[in-house]
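Work through the exercises below with the sequence and the structure side by side, and try each task before reading its solution.

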Amino acid sequence: MLAIPQIRLPRFRQPRQLAVLGVALGFVVCWSSGFVGSRLALAVDTPTLSLYAWRFALATLLAGAWALASAGRRNRGAWRPSALGFEALVGSLTVGGYLLAMLLAIESGVSAGVAALIGALQPLAATLLAGGLLGERPRPVQWLGLAAATLGAGLSVADDLQGLGGAALWAYGLPLLAVAAVSLGSVLSAGRPASLPMSVRLTAQLAAATAVFGVAALWRGDGLPAPRPSVETLTVLAWLIVLATFGGYGFFNASLQRFGVSQSAALVALTPAATLAATALMFSEWPGAMGIMGMAMGLLGAGVALASGRRHGRGAGGHAATASPTVRRKPRRVVRPSAPTTRRG
């Protein structure tokens with residue numbers, strides 16, 4: 001009788017690495033989906049600013065229902081108006097101001113990939129803020145990688161000026177304004193520990209973004225017409241609400257918990273490549289040789305910054321819950337020598 005050899009199948013012994021990879025990929029995909037969604041919104045019959053106002057209004061209702069369902073009556077009474085107002089201020093900058101400037105830039109002819117690449121300059125400001133406020137000290141190699149990503153953004157802008165987007169020079173200042181808005185909101189959020197649940201904070205921030213886009217639509221004269229219930233409009237709304245809003249916010253918080261602020265900010269530098277791939281396949285927007293070189297330099301710089309990042313310091317809002325994972329060692333027991341006895345008399 002022949003002995004059948006036992007075949008041992010390889011097992012994935014490190015599921016934590018798989019989870020980390022999933023968080024990183026989910027963050028990059030959902031974060032870049034916002035730029036693609038802005039490009040999709042231009043083809044809808046509803047004015048883009050009005051469409052975004054309705055998008056955030058629907059997202060606010062969903063987040064509010066989540067907040068009410070996940071909190072008890074006692075916790076609801078702890079929702080102080082001052083805390084809600086502060087979160088609304090943060091949301092008006094990090095969500096409303098950031099996306100409004102990016103949307104106006106894409107409307108003005110800036111390609112979605114270049115807008116994403118300029119937005120990826122945020123890691124420079126975020127790393128600086130993390131070092132000054134959150135105790136995360138970036139290494140010189142990280143600065144070198146982020147500087148390479150910045151140079152790559154400049155090359156892509158130069159390529160876009162040659163005819164891909166067809167935008168005026170001033171339009172490229174709008175993504176920089178978006179970076180300034182989200183950086184200011186990050187400073188405010190990092191300097192004050194959050195006292196509200198995440199669902200409540202998200203509801204307040206989305207409500208503020210609804211107000212920002214509503215005022216902008218009325219100011220420009222677009223009004224607030226209800227979106228037509230067509231397949232194209234509903235698809236764009238589902239894309240923006242599910243992927244860009246809740247997916248981006250959820251994976252952003254998960255990334256903060258896994259990687260910390262500096263490495264999460266470096267992940268933002270990976271989103272332009274994902275945006276470029278999506279816009280090239282969906283809209284046939286292909287950059288030139290200089291643009292491809294800029295994207296490659298941005299990817300290389302982001303990879304260097306990620307590989308050399310440290311994992312320590314506080315997380316978002318100064319909380320240990322959002323800090324980077326660190327290896328915790330058991331504290332050593334300090335044995336103090338007893339004082340020598342002295343005899344008197």
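**Exercise 1. Classify arginine 228 and its partner, and explain what their pairing joins.**

Solution. Begin with arginine 228, which has a relative accessibility of 56% and therefore counts as exposed, since the class of exposed residues starts over 50%. This is a predicted model, and the values used here are computed from it. Next, look for the partner: the side chain of arginine 228 meets that of aspartate 45 in a salt bridge, with 3.9 Å from N to O. That distance passes the test, because a salt bridge requires the nitrogen to be within 4 Å of the carboxyl oxygen. Aspartate 45 is exposed as well, with a relative accessible area of 64%. Finally, place the two residues in the chain: aspartate 45 is in the loop between α1 and α2 (48–70), while arginine 228 is in the loop between α9 (198–220) and α10 (231–259), so the salt bridge ties together parts that lie 183 residues apart in sequence.

**Exercise 2. Find which residues are joined with arginine 220 into one network of salt bridges.**

Solution. As a starting point, recall that side chains of opposite charge can pair when their charged atoms come close. The structure holds three salt bridges, and one of them joins arginine 220 to glutamate 107, with the closest N and O atoms 2.8 Å apart. This pair links distant parts of the chain, for arginine 220 belongs to helix α9 and glutamate 107 to helix α4, 113 residues apart. Arginine 220 also meets the side chain of aspartate 222 in a salt bridge, again given as 2.8 Å from N to O. Now compare the accessibilities: arginine 220 has 41%, glutamate 107 has 29% and aspartate 222 has 25%, so each falls between the limits of 20% and 50% and counts as partly exposed. Since they share partners, the salt bridges join Glu107, Arg220 and Asp222 into one network.

**Exercise 3. Describe helix α4 and its part in the largest nonpolar core.**

Solution. Start with the course of the helix: α4 covers residues 81–107 and bends by about 35° at serine 92. After α4 comes glycine 109, which has a positive phi, near 115°. Then turn to the interior, where the largest nonpolar core has 50 residues, and among these Phe56, Val110 and Phe213 touch the most other members. Several elements give two or more residues to this core, including α1, α2, α9 and α10, but the largest share, nine residues, comes from α4. For the chain as a whole, buried residues make up 46% of the 345 residues, and the secondary structure consists of 13 helices and zero strands.

**Exercise 4. Where does leucine 21 lie, and which residues form a nonpolar surface patch with it?**

Solution. First locate leucine 21, which lies in helix α1, residues 15–41. Its relative accessibility is 47%, so leucine 21 counts as partly exposed. Together with Leu18 and Leu25, Leu21 makes a nonpolar surface patch of about 300 Å². To see how such positions relate, remember that an α-helix has 3.6 residues a turn, so residues three or four places apart point the same way.

**Exercise 5. Name the residues that form an aromatic cluster with Trp31.**

Solution. Note to begin with that the structure holds six aromatic pairs. Then follow the rings around Trp31, where Phe27, Trp31 and Phe252 form one aromatic cluster.

Technical notes. Residues are numbered from 1 along each chain as its sequence is written. This is a predicted model: local features need pLDDT of at least 70, side-chain atom pairs count only at pLDDT 80 or more; totals for chains, interfaces and linings use all residues. Side-chain values use heavy atoms; hydrogens and water are left out. Patches are made of residues with over 30% relative accessible area and no salt bridge: like charges are joined within 9 Å, nonpolar side chains (Val, Leu, Ile, Met, Phe, Trp, Tyr) within 5 Å. Accessible areas come from the Shrake-Rupley method with a 1.4 Å probe; for residues, only the protein chains shown count as cover. Helices (H or I, at least four residues) and strands (E, at least two) are DSSP runs, numbered from the N terminus. Buried means under 20% relative accessible area, exposed over 50%, partly exposed in between (1.4 Å probe, protein chains only). The bend at a residue is the angle between axes fitted to the seven residues ending there and the seven starting there. Rings of Phe, Tyr and Trp (its six-membered ring) pair if their centres lie within 6.5 Å; planes under 30 degrees apart count as stacked, over 60 as edge-to-face and the rest as tilted. A nonpolar core is a set of buried Ala, Val, Leu, Ile, Met, Phe, Trp, Tyr and Cys residues joined through side-chain atoms within 4.5 Å.
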